[in-house]
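Please read the points below with the model open beside you, and look up each residue as it is named. The points go from one strand to its neighbours, then to a helix, a cavity and some loops.

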Amino acid sequence: MGYGYRTIEHTADIGLIAYGATLPEAFLNAAKGMSSIMIDLRTINTSTREDIAVEESDSEKLLYAWLNYLLYYFDTRGIIFRRFELISFTNKRLEVSCYGETYDPRRHTIKTGIKAATFHRLLVDSKNKRVRVFLDV
C-alpha cells in the first residue's frame with residue numbers, strides 16, 4: 001500500500017485516505033499525507049522537534065483537531081512536519097513527536113495550500129485501521 005496514504009478525487013477539495021497496522025499509525029500517516037500534499041516531503045529536514053498533544057471527545061473530532069493543529073503550526077510558526085512518532089493514543093487523546101523544519105521559500109515549494117481539514121465525509125474506521133478526511137484547499 002505504499003506510503004500509508006493516498007489522495008482521492010473531489011470536485012473542489014482534496015480527499016485523503018490513510019491507513020496503518022494500527023489506528024494510531026493511520027492518524028500519523030494522515031498527517032504525513034497532508035504534509036506531502038503541501039510540500040515535497042524529500043525537501044523537508046527533520047531538524048526541529050515539537051511534541052504535540054491533542055484531546056477531543058471522540059476519535060473523529062480527534063482526527064479533525066490533529067490535522068488542523070498541524071496546519072495551525074504551519075500558518076502561525078511556519079513549521080512543516082515530515083516525520084511523526086507516536087507517544088500515546090486513545091480514542092480521545094493523541095500525543096506525537098513531530099519532526100520537520102521552518103518553511104523556507106528558497107528550498108520549499110508550496111504544491112497545494114491547505115486551509116483546513118473538514119468534517120465532510122470524515123471517517124475513522126478502527127476495525128480496518130484507516131481514516132478518511134477531506135482538506136479544504
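How many of the residues of β2 are buried?

1. Before answering, please keep in mind that this is a predicted model. The answer is that six of the six residues of β2 are buried, and the strand is therefore described as mostly covered, given that a residue counts as buried when its relative accessible area is under 20%. Looking at the two sides of β2, you will find that I14, L16 and A18 point one way, while G15, I17 and Y19 point the other way, and that all of them are buried.

2. The partners of β2 deserve a careful look. On one hand there is β1 (5–8), which runs antiparallel to β2 (14–19) and is joined to it by four bridges; within this pairing, Y5 has A18 of β2 as its bridge partner. The connection from β1 to β2 is a hairpin that passes through five residues. On the other hand there is β8 (130–136), which pairs with β2 in the antiparallel sense over six bridges, and here the bridge partner of I17 is R132 in β8.

3. Is A12, in the loop between β1 and β2, buried or exposed? A12 is exposed, because its relative accessible area is 53% and the cut-off for that class is over 50%. It is also worth locating L135, since the C-alpha atoms of A12 and L135 are separated by 9.4 Å, although the two residues are 123 residues apart along the chain.

4. Helix α1 covers residues 23–38, which makes 16 residues, and from its first C-alpha to its last it reaches 23 Å, close to the 22 Å expected at 1.5 Å a residue. Of these 16 residues, 14 are buried, so the helix is largely enclosed by the rest of the structure. The N-terminal end of α1 is capped by T22, whose side chain places an oxygen 3.2 Å from the backbone nitrogen of E25.

5. Where is empty space left inside the model? Rolling a probe the size of a water molecule over the atoms is a way to show this. When the whole structure is searched, one cavity of 30 Å³ or more is found, and the largest cavity holds about 50 Å³ of space. Its lining is made up of M34, S35, M38, L70, L71, F74, I79, I80 and F81, and α1, α2 (59–77) and β4 (79–90) each supply at least two residues of that lining. Sorted by class, the lining has eight nonpolar residues and one polar residue, with no charged residues.

6. Two backbone angles should be checked by eye. In R121, phi is near 55°, a positive value in a residue other than glycine, and R121 is found in the loop between β6 (116–117) and β7 (123–125). In K129, phi is likewise near 55°, again a positive value in a residue other than glycine, and K129 lies in the loop between β7 and β8. As for their surroundings, R121 counts as partly exposed because its relative accessibility is 46%, and K129 is partly exposed with a relative accessible area of 31%.

How values were computed
Residues are numbered from 1 along each chain as its sequence is written. This is a predicted model: local features need pLDDT of at least 70, side-chain atom pairs count only at pLDDT 80 or more; totals for chains, interfaces and linings use all residues. Side-chain values use heavy atoms; hydrogens and water are left out. Buried means under 20% relative accessible area, exposed over 50%, partly exposed in between (1.4 Å probe, protein chains only). Two strands pair if DSSP finds at least two bridges between them. The expected span of a helix is 1.5 Å times one less than its number of residues. A polar contact is a pair of N or O atoms within 3.5 Å; within protein, one must be able to donate a hydrogen and the other to accept it, and residues adjacent in sequence count only if both atoms are side-chain atoms. On a 1 Å grid over the protein atoms alone, a cavity is a set of points where a 1.4 Å probe fits but cannot get out, and a pocket is an open set with protein on both sides within 12 Å along at least five of seven lines; lining residues have an atom within 4 Å of a point. Grid points are joined across faces, edges and corners, and a volume is the space filled by probe spheres set on the points. Ala, Val, Leu, Ile, Met, Phe, Trp, Tyr, Cys and Pro count as nonpolar, Asp, Glu, Lys and Arg as charged, and the others, Gly among them, as polar.
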